[in-house]
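Ready for a walk through a structure in your viewer? Keep the selection tool at hand, and we will go from stop to stop.

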Amino acid sequence: MQILIVGQGISGTNLAAEALRRGISTRIIDQPKKDTPSKTAAGMFNPVTFRVPTLSKNAREYFSVLNQFYTNMENETGTRFYQPMPYTRLFSSPEEQNNWIHKCAQGAFREFASDEIHQYSTPISAPLGGAEVFSAGFVESRKMLAGFKEKLLKDNLLTEECFNFDRLEIHENKVCYQTQKEILEADYIIFADGPQVMRNPLFNFLPFRPVKGEVLTLKIKDFVPERILSKGMFLIPKGNDLFYAGSTYSHKSLNTNPTDDDKQKILQTIEKFIKRPIEIIEHRAGIRPATKDRNALIGKHPEHQRVALFNGMGSKAVSMTPLLASVLLNHLEFGTVIDKTVDLNRFVKS
Ligand SMILES: Cc1cc2nc3c(=O)[nH]c(=O)nc-3n(C[C@H](O)[C@H](O)[C@H](O)COP(=O)(O)OP(=O)(O)OC[C@H]3O[C@@H](n4cnc5c(N)ncnc54)[C@H](O)[C@@H]3O)c2cc1C
């Protein structure tokens, strides 16, 4: 099988990595941009949603493949970017603590979270203590994308240019695309174009609901928690006194300009539970390719069977794309059925 992927963000990268492992002939077209969500993301994977403690949908399935997937990617690219790490939920109120303990009495949640309450000492300020989530960590997405890009360029599999829909020909049994230099042919073209899908004439009918988000890179000296901490906002230790902190969510002003409001919101929340001087090193904003029902959108175009989509990863691209890459490729190669919760055809009237 031959595939052509548009987009080398987290989605396109993980899809291409899985395809290459299967021996599928793969080419990628990507227009390099600085402010894509994949280059903004904190890259965290965490099976638990905190507001009302809940296990993320299909957590067991998604998290069962992560470790092997990213370890393989590190070996294939010779880059280190995968950091499994305990995740501590610090409690803000007795009610939160009670909800957590209550939830931990339930089977599936207990597989991923502990009901043991730990106390933390200064500079962490959390009088009600915290509890741990297992199977969490983060991927340094910028390093991962750069490592994979280098491998693609070396193998001559990447074309860096803007995809032009006028140069795409869709036939019954193949697609052809004319780049600025050559004609590419493939069995399928797969769009992994992130929030830019809103301008994709083949898929902009789908109910995307993009969400803006902002993150800070902070410097906090002599503080080595060796765990991700969360109390209203997360704090991820990257090493060398650097931390990612965030993130915010907004449906307004869908642009990639960082705002003073969100900077203050993140900083003030972190300052409430970390009692140390904090320096801001970097401030970034991006758009999450989220959907109205908060599920991914993958599968074949309802009318063009040689055209597919791998998108809608919302705020969980790092944890969902390794498994979903296999789901989509199995569908294209072997005709296996895509679960209707993520199949884009759930929005197509029959
Ligand atoms: C502040 C913030 C924090 C986040 N934190 C996390 C987190 O902790 N964990 C997590 O899992 N997710 C997180 N996310 C979400 C995550 O970033 C996204 O789900 C993910 O990056 C989407 O990846 P993608 O590859 O689908 O899209 P993108 O990153 O947008 O990649 C698409 C690629 O396609 C290219 N492209 C698009 N159209 C064209 C075209 N016509 N021609 C050529 N190239 C094209 C783009 O240039 C880009 O390189 C966060 C997002 C934000 C904004």
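Helices and strands here are DSSP runs, numbered from the N terminus, with at least four residues for a helix and at least two for a strand. One thing to keep in mind as you look around is that this is a predicted model.

**Stop 1: helix α1**

Select residues 10-21, which make up helix α1. How far apart should the ends of this helix be? At 1.5 Å a residue, its 12 residues should span 16 Å, and the end C-alpha atoms are 17 Å apart, so the two values agree.

Now switch on a surface. Is α1 mostly covered or mostly open? Mostly covered: 10 of its 12 residues are buried. Among them are Ile10, Ser11, Gly12, Asn14 and Leu15, and further along you can pick out Ala16, Ala17, Glu18 and Ala19 as buried too.

Zoom in on Thr13, which also belongs to helix α1. Thr13 counts as buried because its relative accessibility is 0%, where the cut-off for buried is under 20%. Draw a distance from its C-alpha to that of Ile28: the two residues are 15 apart along the chain, and the atoms are separated by 8.9 Å.

Before leaving, step just past the helix to Gly23, where phi is positive, at about 80°.

**Stop 2: the ligand**

Select the ligand and show the residues around it. Which residues come nearest? Of the 37 in the shell, they are Ser11, Asp30, Ser38, Phe163 and Gly314. Colour the shell by residue class and you will find 15 nonpolar, 15 polar and 7 charged residues.

Next, colour by secondary structure. Helix α1 supplies at least two residues of the shell, and so does each of α2 (37-40), β15 (211-219), β19 (279-288) and α8 (317-334). Colouring by domain is useful as well: domain 1 (2-40 + 142-208 + 292-347) and domain 3 (211-287) each give at least three residues to the shell.

Then look at polar atoms, with the backbone displayed:

- At Ala42, a polar backbone atom is 3.4 Å from a nitrogen atom of the ligand.
- At Ser315, a backbone N or O atom lies 3.2 Å from a nitrogen atom of the ligand.
- At Ala317, a polar backbone atom is 3.1 Å from an oxygen atom of the ligand.

How much of the ligand's area does the protein bury? Taken alone, the ligand exposes 1000 Å², and the protein buries 97% of that.

**Stop 3: Lys39 in α2**

Go on to helix α2 and select Lys39. Lys39 is partly exposed, because its relative accessible area is 26%, a value that falls between the 20% and 50% cut-offs. Now add Gly9 to the selection. Lys39 and Gly9 are 30 residues apart in sequence, yet 7.8 Å apart in space from C-alpha to C-alpha.

**Stop 4: backbone angles to check**

Most residues other than glycine have a negative phi, and most peptide bonds are trans. With that in mind, here are four places to visit.

Select Thr122 and Pro123: the peptide bond between them is cis, with omega near 15°. Pro123 sits in the loop between α5 (107-112) and β8 (130-133).

Select Gly246 and Ser247 for another cis peptide bond, this one with omega near -10°. Ser247 is in the loop between β18 (242-246) and α7 (260-273).

Stay in that loop between β18 and α7 to find Ser253. Its phi is positive, near 40°.

Finally, go to Asn156, in the loop between α6 (141-154) and β10 (158-159). Phi of Asn156 is also positive, near 60°. Is Asn156 buried or exposed? Asn156 counts as exposed because its relative accessibility is 57%, and the cut-off is over 50%.

**Stop 5: two buried residues**

Return to the loop between β18 and α7 and select Thr248. With a relative accessibility of 2%, Thr248 counts as buried. What does its side chain reach? It reaches the backbone nitrogen of Glu214, at 3.0 Å.

For the last selection, take Ile228 in strand β16 (residues 228-230). Ile228 counts as buried, at 0% relative accessibility. Add Ala136 and draw the C-alpha distance: Ile228 and Ala136 are 92 residues apart in sequence and 8.6 Å apart in space.

Definitions and conventions
Residues numbered from 1 in each chain as written. Predicted model: local features only at pLDDT ≥ 70, side-chain atom pairs only at ≥ 80, totals over all residues. Heavy atoms only, no water. Expected span 1.5 Å × (residues − 1). Buried < 20%, exposed > 50% of the residue type's maximum accessible area, 1.4 Å probe, protein only. Near = heavy atom within 4 Å. Polar contact = N/O pair within 3.5 Å; in protein donor to acceptor, adjacent residues only side chain to side chain. Areas by Shrake-Rupley, 256 points an atom, 1.4 Å probe, with all protein chains shown as cover. Nonpolar A, V, L, I, M, F, W, Y, C, P; charged D, E, K, R; others polar. Domains from an automatic or database assignment.
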